[in-house]
Amino acid sequence: MKGLTDVYTMYNGVTIPCVGYGTWQTPDGDVARESTKEAIIAGYRHIDTAQAYHNEQSVGDGIKEGLAAAGLKREDIFITTKLWCDRKDYEDTKAAVRESIEKLGCEYLDLLLIHWPISTPHKDCWQEKNRDAWRAMEDLYKEGVLRAIGLSNFYVHHIDALNYTVKPMVNQIEIHPGYIQKELVEYCKANDIVVEAWSPLGSGAVLNNEFLKGIAQKYNKSVAQLCIRFCLQYGVLPMPKSVHKDRIIQNTEVFDFEISNEDMEAIMNMEQTGWSGLQPDGKLPF
């Protein structure tokens, strides 16, 4: 990858920009609107949000303002949102998609993901609920309302339980130095499922990690830039998030260096660091 406009190609032929701008934990209102606008001005062409982030309206406003400022059209931007856990019946899923499209101010979505495979309200019937939601998503995909459909935080057994007609195109999972989910990544790649990395910068434990600081210093880069570059060389699509203009720009400056094979191997084998603790088969946070 040589720049923000380089792409991964999903198995259906739709392309997806190689770095996304994440909006998890971005406050609704002016912060979400302004930071999204600045991301587009900085060169991001891939914006990721979710119903559960409660900021779709503001992100949509930011997209509109960013497109105007950058002289771009809707089709120049790749927009992703995610279906929340309480909206998994067939008709509920269709209604939720319509709501998201209205809030985001667009006529279609480039990508819709099921946010989590299991939630407390559906823990005893998660297979059925996921299948209902996926069937609705397949229909909306065939209608052209969704250009691509995928998953977030799904393990292999969750994917297999979908009984899909249209295979998922994306799986967005937590990946960063210190938490690489190697087996799941390898499964997705082997099955032509693009892997996206949420929280590619990890947490303070990652950004303040002395081992990673030492490697980043070799390349005259920040640990955040090293983490984003690591994801790209790992073959996954990073979704960095910041609400600060300078860091939004810094997070794009990852195409002028390459991590050596030796350093990549060292990062791949570092001890677990910065894991969020979230995993869909464990204690559910919702």
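Salt bridges and cysteines in a predicted model

K82 is buried, with a relative accessible area of 0%. The model in which this lysine sits is a predicted one, and a good way into the structure is to ask what the side chain of K82 meets. It meets the side chain of D48 in a salt bridge, with 2.6 Å from N to O. K82 belongs to strand β5, which covers residues 78-83, while D48 belongs to strand β4, residues 46-48, so that the pair links distant parts of the chain, 34 residues apart. D48 is buried as well, its relative accessible area being 2%.

This pair belongs to a wider set of contacts. Side chains of opposite charge can pair when their charged atoms come close, and a search of the whole structure finds 13 salt bridges. One of them is formed by E65 and R33, whose closest N and O atoms are 3.0 Å apart. Here the two partners come from helices: E65 lies in helix α2 (residues 56-70) and R33 in helix α1 (residues 30-42), and the pair, 32 residues apart, links distant parts of the chain. E65 is partly exposed, with a relative accessible area of 30%.

A further salt bridge joins D110 to R74, the closest N and O atoms being 2.9 Å apart. D110 is found in the loop between α3 (90-104) and β6 (111-114), and R74 in the loop between α2 and β5, so this contact ties together parts that are 36 residues apart in sequence. Are D110 and R74 buried or exposed? Both of these residues are buried. Elsewhere, salt bridges that share partners join D30, R33, E34, K37 and E65 into one network, and the bridge between E65 and R33 described above involves two of these names.

The cysteines can be followed in a similar way. How many disulfides does the structure hold? It holds zero, and the distances between sulfur atoms help to show why, since a disulfide requires a pair of cysteine sulfur atoms within 2.5 Å. For C125 the closest cysteine sulfur is that of C85, and at 12 Å it is too far for a bond. C125 is partly exposed, with a relative accessible area of 24%. C227 is likewise in no disulfide, the nearest cysteine sulfur being that of C231, 7.2 Å away. With a relative accessibility of 0%, C227 counts as buried.

Definitions and conventions. Residues numbered from 1 in each chain as written. Predicted model: local features only at pLDDT ≥ 70, side-chain atom pairs only at ≥ 80, totals over all residues. Heavy atoms only, no water. Salt bridge = Lys/Arg side-chain N within 4 Å of Asp/Glu carboxyl O. Helix = DSSP H or I, 4+ residues; strand = E, 2+ residues; numbered from the N terminus. Buried < 20%, exposed > 50% of the residue type's maximum accessible area, 1.4 Å probe, protein only.
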